[in-house]
Amino acid sequence: ASLILWFRRDLRLSDHPMLTAAAATGRPLIPVFLHDEVVESHGAAPRWRLGLAVESFAARLEDRTGLRLVLRRGRALEVLRGLVRETEAAGVWWTRLYDPDAIRRDKEVKSELKADGVEARSFPGHLLFEPWTVETGTGGYYRVYTPMWKAVRGRDPGPPEAAPGRLRPPDRWPDPDRLDDWAMGADMNRGARVVAGHVRVGEEAAQGALGAFVAHRIADYGAARDLPAVEGTSGLSENLTYGEIGPRTCWAAGRRAMEEGKADAETFLKELVWREFAYHLVYHTPRLVSGNWREEWDAFPWSEDEDSAEVTAWKQGRTGMEFVDAAMREMYVTGRMHNRGRMIVASYLTKHLMAHWRIGQRWFETHLTDWDPASNALGWQWSAGSGPDATPYFRVFNPETQVERFDRDGTYRRRWIAEGQARPPATALAYFDAIPRSWGLSTDMAYPSPVVGATEGRERALAAYGARGS
Ligand code: FAD
């Protein structure tokens with residue numbers, strides 16, 4: 001009897017334990033992708049980017065294995081039950097996910113399908129190490145990154161599996177939905193117009209990017225990764241989040257580079273373990289995605305006003321702090337933001353503007369093409385000071401000093417801020433194409449003076465922190 005392979009954030013053929021196991025059975029296989037309740041809840045940019053990922057994966061799957069990707073829309077459990085009935089499949093297999101929305105859905109699907117007598121089975125593949133296999137000396141989970149890194153750095157996640165060849169199709173294909181009918185880019189006005197020039201979609205492109213990074217950039221990664229004007233990082237986050245490349249493939253490439261004597265390669269492995277750490281924490285403490293991880297922060301006077309003048313200036317890249325604004329504009333145009341920028345804009349929002357990190361988390365969730373439920377939540381709570389292993393709240397990033405350290409010659413700021421430049425580059429002008437017209441901004445407006453100055457904001461934040469009494 002046939003097997004339904006339910007693809008989610010694992011849109012690749014290689015480094016894929018579930019697909020490899022399914023291929024080995026020799027049974028007819030029915031790959032499906034569902035526009036279900038979890039996809040429905042995605043922000044505009046992640047949903048748009050996911051649509052591109054699905055399109056690319058469907059083409060590659062058919063080309064390499066001969067199988068089609070059956071698309072269906074609706075609540076996961078109901079759609080899967082319907083498909084089982086239609087195809088008389090004996091099982092539904094998938095790759096595990098670890099964020100609370102996915103876990104809630106998958107638990108229900110697993111128990112209900114099992115009760116129906118269907119073989120519901122989940123596999124590893126999204127992470128290097130399953131969250132429950134990484135334990136502290138006393139058997140708990142890690143709340144601090146460095147000890148977790150030490151615990152896994154010498155562990156072998158195993159070699160990534162090769163992509164399968166031709167696979168056995170079912171006798172009859174279920175009728176699929178059409179991807180276009182899902183209109184996954186409907187809320188992403190700037191998508192096809194601006195951001196499309198900055199995405200790198202699909203397994204083949206991701207593997208190419210990893211190869212180029214390891215060949216040309218990994219040796220200088222340690223220093224270059226901190227400079228937002230330099231293309232010093234792998235850029236693989238958008239591929240990792242949709243599973244267009246597997247983490248073990250990245251890990252293996254990093255290890256090989258280390259063996260070839262490229263010392264900075266270990267820093268790349270460390271960053272991959274930050275991703276693991278985020279999932280480890282989200283799995284063990286699901287509240288990481290929705291509320292202060294350290295509950296004593298519930299008493300902190302964060303502003304929850306999403307539309308205050310200050311927060312609006314932050315969203316629009318018009319705080320008057322050049323580093324903050326450059327980074328916010330970079331996200332508009334490219335769908336991504338350099339990690340240094342993410343840390344600076346998050347610090348500015350939660351400290352200088354004293355706005356709740358949840359406002360920033362949601363804004364990123366709407367605008368990032370590499371949005372990841374665990375890394376985004378950890379990044380925000382880390383920056384705000386409310387999270388595990390967070391920067392202490394009193395370590396307020398000074399956006400002006402950060403400029404001197406990480407963008408001394410102004411390349412990054414000039415790339416993204418048009419105002420004040422006689423001949424702004426295309427990147428800076430593209431921002432005005434990307435933003436909604438309703439914001440009423442144009443290139444001939446003067447660059448704003450700071451909504452909250454570097455020193456003033458720092459003092460206000462520290463006073464509130466002191467008054468909080470812990
Ligand atoms: P590289 O430097 O090439 O790193 C390789 C891989 O390691 C990345 O692709 C990513 O998977 C992982 N990684 C690197 N840094 C981190 C980190 N700090 N935390 C977790 N994983 C990491 N990352 C996302 O993938 N999605 C998000 O939604 C996201 N939101 C963030 C929000 C804030 C406020 C902050 C401070 C960080 C956030 N990050 C997020 C982490 C980080 O900024 C990005 O992973 C990184 O910039 C991606 O670029 P890259 O692929 O070139 O990374």
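Reader: What makes Thr233 a polar contact of the ligand?

Author: A polar side-chain atom of Thr233 lies 2.5 Å from an oxygen atom of the ligand. A polar contact is a pair of N or O atoms within 3.5 Å, so the Thr233 pair, at 2.5 Å, counts. This is a predicted model, where local features need pLDDT of at least 70, side-chain atom pairs count only at pLDDT 80 or more, and totals for chains, interfaces and linings use all residues. Residues are numbered from 1 along each chain as its sequence is written, and side-chain values use heavy atoms, with hydrogens and water left out.

Reader: Which atoms of Ser234 and Gly235 lie 2.6 Å from an oxygen atom of the ligand?

Author: For Ser234, an N or O atom in the side chain. For Gly235, a backbone N or O atom.

Reader: How do you know that the protein covers the ligand?

Author: On its own, the ligand has 830 Å² of accessible area (Shrake-Rupley method, 1.4 Å probe). The protein covers 94% of that area.

Reader: What makes a residue part of the shell around the ligand?

Author: One of its heavy atoms must lie within 4 Å of the ligand. There are 27 such residues, and Tyr221 and Asn339 are among those that come nearest.

Reader: Why is the second largest pocket said to lie between two domains?

Author: Domain 1 (1-125) and domain 3 (295-467) both give residues to its lining, so the pocket lies between them. The domain bounds come from an automatic or database domain assignment.

Reader: Which helix gives the largest share of that lining?

Author: H5, with 5 residues.

Conventions. Helix = DSSP H or I, 4+ residues; strand = E, 2+ residues; numbered from the N terminus. Polar contact = N/O pair within 3.5 Å; in protein donor to acceptor, adjacent residues only side chain to side chain.
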